[in-house]
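Work through the exercises below with the model open. Try each task before reading its solution.

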Amino acid sequence: MCREFRHWPVALALAIPPLVLFWPFVFGRKVLFWGTPLLQFYPWRELAIQILRSGQLPLWNPYLGNGTPLAANLQSAVFYPLNFLYLFIPVHWAMGYTAVLHVLLSGWFMYFYGRTLGLSRFASVIGGLAYALSGYMVARLGFLTENAAFPWIALLFCLSERLVCHRNWPSALMLGLAIGVQFLAGHAQTWTYSMWAVGFYTLFRAWQESKRQGASDKIKVGVLFALAVLVGAGVAAVQVLPTWELTRFSQRASGLDWDFAMQYSFWPWRMLTLLAPDFFGNPAHGDFWGYATYWEDAGYIGVLPLGLALFAIVRWGLLRKRGRKGDVVALQVVPLLGSLAVGSLVLAMGKNTPVFPLVYRYVPGFGLFQAPARLLCIYTLAMATLAAIGAELLRPGVRLHAFCRLALVSGAGMLLAALAGRFLFAGIRATFLIATARFAMLFTASAILMLLQRPSRTWWPVLVVSFVAADLIIAGWGLNPGTDPRIYGATTASGTVIAGQEPARTFIFHDAEYAITFSEKYLSFQDFGQSDLEHWWGMREALLPNLGVIERLPSANNFDPLQVGRIHDLLALADDLPSVDALRLLGQMNVGYVITGTTDVSLVGLDLLHANQDIAIYRNPYALPRAWIVPQAQVISDPSALLAQLTDPAFDPRHLVLLEQEAAAPLDNYGLLVSSSELTLREWPNKVTITVPPDAGGYLVCADTWYPGWRAYVDGVEAEVLRANYAFRAVVLPPGAHEVVFVYQPRSFLVGGLISAATLGIAALLALIHFLCR
């Protein structure tokens with residue numbers, strides 16, 4: 001129906017609503033900041049862009065966790081093609097622009113998928129809006145890697161459908177490129193769920209087609225899909241191999257703790273919010289009171305699209321019962337999409353059903369991630385597509401009109417009941433009544449639109465599209481607070497104080513970090529709070545992880561899902577030890593400045609450097625320099641025993657270094673202790689140089705993270721890099737003046753880069769041959 005819905009109205013219908021909703025970030029001089037944009041994505045990406053602009057690759061981040069991989073951190077998304085915009089636009093603006101760009105891509109990709117299924121432009125636009133402006137996408141706009149990975153799900157389904165229909169290698173190549181790009185977008189969890197869903201979809205569609213074409217076609221599709229996965233892995237190898245290496249050495253190497261993994265399981269009562277998104281309140285209105293967070297359980301696609309999706313399922317069921325296939329080709333995917341919608345919704349409930357725990361234990365990939373509720377990405381894809389199919393199936397008829405008249409009466413009755421509830425039930429929560437009234441109005445308006453259905457008139461599809469867009473814009477309004485771009489200003493008073501002291505790392509205890517970050521003052525899940533710069537500058541002044549990176553202040557903390565496991569162990573231990581023992585351990589990590597809440601009295605008595613309304617900064621009297629020379633070494637092969645020795649009050653790290661294996665050329669106890677002031681340390685991207693004075697010798701200990709890929713050169717000759725003091729680096733130095741250079745040259749990046757380059761080269765060559773031979 002409505003085949004006259006031309007291309008330019010499609011472009012406007014899919015572009016205008018997102019631009020209206022996100023007007024402040026596109027035209028209003030506001031920047032994303034609330035939560036992860038400020039605490040994670042800006043520090044990572046601003047550092048990566050600065051290193052790229054210097055002509056180097058952003059492989060290592062020296063400012064977090066005593067040094068940690070940067071490019072291998074998947075969420076930094078260094079190799080994601082669309083992030084090239086960061087090279088030309090200031091990072092604080094680019095975050096908002098690219099986030100909105102991905103909302104637009106979501107709508108376009110879903111539109112292409114609908115057209116691939118044979119749907120009309122009108123129906124495909126309905127699906128595109130329901131997908132792009134869904135609660136899942138809009139509520140997660142600031143989670144930039146989820147935002148970037150989400151649009152590609154629709155394109156993967158679109159290209160999988162093309163693969164099933166055409167069964168040729170160009171289709172497999174296109175699908176493989178999309179698989180690789182989605183991984184590079186930076187969210188492994190979304191990519192994993194996408195791959196399982198797309199694999200299930202492709203195999204089911206191949207089975208359907210084999211009933212018409214023959215079993216050989218099913219095998220051919222399977223082979224082509226495997227080829228596509230292989231191409232995708234090759235394209236993303238430059239990211240896959242370094243990230244896999246980081247995972248192996250991270251705190252998640254042995255899997256996730258069960259309780260941690262089950263956090264943010266979809267709350268069953270939030271099923272109501274699939275109809276009325278603010279039934280349990282909304283942090284944008286300051287009244288959210290539901291379980292966990294608003295955004296993790298957001299799955300709203302609009303009242304009318306939800307009704308159309310259910311209509312598509314009912315229509316398919318009726319036709320199947322009558323033994324008819326119907327005149328819409330897309331009907332054949334309805335049972336598949338319905339299964340994906342129901343299955344992903346059940347799995348999203350995580351610990352609230354017995355289903356996900358089984359999948360978590362026995363299905364590869366599901367046990368690697370937190371927050372089962374993120375499976376709502378597949379639910380959203382399936383329901384948005386069903387909504388498009390439902391729009392295609394709409395036909396004026398007696399039964400439809402009878403149902404709409406009944407819905408009209410029901411909606412009016414529901415609205416009256418909600419309005420009366422304010423007076424009849426004094427104890428009922430206001431969010432219940434407001435959300436119910438809103439749903440009733442939208443339900444009633446949807447029924448009226450269906451009664452007004454005029455397939456041959458242009459005004460009707462325009463009215464329907466406008467209604468769907470308005471519903472979703474209103475539902476998403478305010479879910480992404482914006483503020484003045486000066487929030488990303490270069491310096492704070494706290495940072496200036498630390499920068500004026502001797503170079504050393506900072507550290508904030510976990511309890512203090514949590515109390516400041518997730519207080520009612522700043523990141524409250526119930527209320528986004530005020531958006532003025534003065535208020536949020538207090539968060540910058542608190543120097544929470546990873547805010548110090550903005551001012552290039554090195555820290556032992558690291559706010560990252562993947563941290564180097566040994567460093568994570570030391571920080572967890574420091575949180576548990578008594579204050580003095582914790583300070584001694586932190587001192588070995590070159591932590592010279594300890595940040596704590598103003599109400600914490602455990603460090604009172606130390607030298608107070610700075611204090612404000614949220615934090616106090618103390619000097620750590622036990623701080624060691626970043627590099628020093630030790631005369632002796634002790635080998636303890638058991639990491640647990642070594643860690644126990646490291647935290648023993650009798651252990652003196654200035655005179656003894658603990659190694660896990662004997663050096664290839666050990667010293668004969670002739671090491672000389674050299675004052676750290678005599679060592680000169682200079683740093684460049686991926687490189688540290690330490691100049692050692694004459695008459696020095698022993699074990700040069702550097703309180704930087706030991707990690708595969710670091711190589712050491714003493715006077716230009718490669719030397720063995722030893723794992724020292726559980727988590728750090730050391731090299732053996734014979735007596736005399738030396739220049740020691742540590743260089744980060746990860747083999748995982750080199751091999752991955754070669755594989756990606758080869759894959760892209762072969763793909764480009766095949767595409768050229770295909771083009772020339774057409």
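## Exercise 1: An arginine after a helix

Arg774 is exposed, with a relative accessible area of 76%. The model is a predicted one.

**Task.** Place Arg774 along the chain, and state how far Arg774 and Ser640 are apart in sequence and in space.

**Solution.**
1. Start with the helix. H26 spans 747-773, and Arg774 lies in the segment after it.
2. Check the exposure class. The cut-off for exposed is over 50%. Arg774 has 76%, so it counts as exposed.
3. Take the separation from Ser640. In sequence it is 134 residues. In space it is 64 Å, C-alpha to C-alpha.

## Exercise 2: The nonpolar patch

**Task.** Which residues make the nonpolar surface patch, and which element gives the most to it?

**Solution.**
1. List the members: Trp169, Leu227, Leu230, Ile762, Leu765, Leu766 and Ile769. Together they make a patch of about 640 Å².
2. Assign the elements. Helix H10 (215-235) and H26 each give two or more residues.
3. Find the main contributor. H26 gives the most, with 4 residues.
4. Take one member, Ile769, which sits in helix H26. Is Ile769 buried or partly exposed? Partly exposed lies between under 20% and over 50%. At a relative accessible area of 41%, Ile769 is therefore partly exposed.

## Exercise 3: The positive patch

**Task.** Name the residues in the patch of positive charge, then classify Arg399 by accessibility.

**Solution.**
1. Collect the members. Lys321, Arg322, Arg324 and Arg399 gather on the surface.
2. Locate Arg399. Helix H17 (residues 398-424) holds it.
3. Apply the exposed cut-off, over 50%. Arg399 has 65% relative accessibility, so it counts as exposed.

## Exercise 4: Strand S8 and its partners

**Task.** Which strands are joined to S8 by bridges, and how many bridges does each have?

**Solution.**
1. Fix the strand. S8 covers residues 615-619.
2. Take S6 (residues 591-597). It runs antiparallel to S8, joined by 5 bridges. Within this pair, Tyr593 has Arg619 as its bridge partner.
3. Take S7 (residues 608-611). It is also antiparallel to S8, with 3 bridges. Here His610 stands opposite Ile617.
4. Trace the connection. S7 passes to S8 through a hairpin of 3 residues.
5. Ask about cover. How many of the 5 residues in S8 are buried? The count is 4, so by the cut-off of under 20% the strand is mostly covered.
6. Keep one rule in mind when viewing. In a regular strand, side chains alternate between the two faces of the sheet.

Note on methods:
Residues numbered from 1 in each chain as written. Predicted model: local features only at pLDDT ≥ 70, side-chain atom pairs only at ≥ 80, totals over all residues. Heavy atoms only, no water. Buried < 20%, exposed > 50% of the residue type's maximum accessible area, 1.4 Å probe, protein only. Pairing = 2+ DSSP bridges. Patch = residues over 30% accessible without salt bridge, like charges linked within 9 Å, V, L, I, M, F, W, Y side chains within 5 Å. Areas by Shrake-Rupley, 256 points an atom, 1.4 Å probe, with all protein chains shown as cover. Salt bridge = Lys/Arg side-chain N within 4 Å of Asp/Glu carboxyl O. Lys, Arg positive; Asp, Glu negative; His and termini not counted. Charge placed at Lys NZ, Arg CZ, Asp CG, Glu CD.
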